[in-house]
Structures are given as C-alpha cells and as structure tokens.
Amino acid sequence: MLILFGTKGYLYQLAILTLVCGRCGNPAAHTLRKRVTKFTLFFVPLFPISTKYATQCTFCGAENKVSAEDAERLQAQAGSSGQGGQVHGGQAPQQPYHQ
C-alpha cells in the first residue's frame, strides 16, 4: 500500500497599509500577508499545521514577522477609514498564492 502525504503552502494578502519601515525609515506601503501550511494526503489539503503573519515593505522589501493579534489589529485598522491617512483601505482577501 502506498500512502502519499506532504505539505502545501498558501499565501494570502490581507491588506495594504502605509507604515514607516523599520529598516529604511520611509513611510511606504506595506502588505500584510498570511502564510498557511497545510498537511496533504494524496494531494488533498486536509488541515493547517502552521500559520504565520508578516508585513513587507514595498520600498525596500524588508519583511517583519507579526503576531496573530497584531495582524488582526492591523487588518481591522485597514478596514476602518479615517485613521489619520495612514491606511490605504482594506481589501478583500485575494485567492491564495500556491507554493
């Protein structure tokens, strides 16, 4: 009997925010991303085994890990308008990028 198992990665873009980059110091757009790794059995994704959040600066490309709580707060901030011009507005989650 042959059993095929493994993992598959999904990348979701949750929001685009204007933040000051910790690396380059520029106020630039940052993408808030969610990376989910799922266990697969016979190429069928069954359940998530890892979920990580990060922001990436669109100016210099620096990526910073973000906790789940901070990611939720940033996503809520992106969804609300009138936050002092720091947010470009929330976007609906896009289709995942399969790795």
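Tutor: Helices (H or I, at least four residues) and strands (E, at least two) are DSSP runs, numbered from the N terminus. This is a predicted model: local features need pLDDT of at least 70, side-chain atom pairs count only at pLDDT 80 or more, and totals for chains, interfaces and linings use all residues. Residues are numbered from 1 along each chain as its sequence is written, and side-chain values use heavy atoms, without hydrogens and water.

Student: What pattern does the protein chain follow along the sequence?

Tutor: Start with the parts: the protein chain has 1 helix and 6 strands. Read along the sequence, the protein chain runs β-β-β-β-α-β-β.

Student: Which element holds Gln77?

Tutor: Look for a run that covers residues 68-79. Gln77 falls inside that run, which is helix α1.

Student: Is Gln77 buried or exposed?

Tutor: Buried means under 20% relative accessible area, exposed over 50%, partly exposed in between (1.4 Å probe, protein chains only). The relative accessibility of Gln77 is 15%. Therefore Gln77 counts as buried.

Student: How far apart are the C-alpha atoms of Gln77 and Ala15?

Tutor: Along the chain, Gln77 and Ala15 are 62 residues apart. In space, their C-alpha atoms are separated by 9.5 Å.

Student: Why does Leu14 count as buried?

Tutor: Leu14 sits in strand β1. Leu14 counts as buried because its relative accessibility is 8%.

Student: What separates the C-alpha atoms of Leu14 and Tyr53?

Tutor: The two residues lie 39 residues apart along the chain. The separation of their C-alpha atoms is 9.7 Å.

Student: What is the relative accessible area of Ile3?

Tutor: Ile3 comes in the segment before β1 (5-20). Ile3 is partly exposed, so neither of the other two classes applies. Its relative accessible area is 48%.

Student: Which element gives the most to the lining of the largest pocket?

Tutor: A pocket, on a 1 Å grid over the protein atoms alone, is an open set of points where a 1.4 Å probe fits, with protein on both sides within 12 Å along at least five of seven lines; lining residues have an atom within 4 Å of a point. The lining here includes Leu11, Thr31, Arg33, Lys52, Tyr53, Gln56 and Glu63. β2 (27-41), β3 (44-57) and β4 (63-66) each give two or more residues. With 5 residues, the element that gives the most is β3.

Student: What share of the protein chain counts as buried?

Tutor: Gln77 is one buried residue, and Leu14 is buried too. Of the 99 residues of the protein chain, the buried share is 26%.
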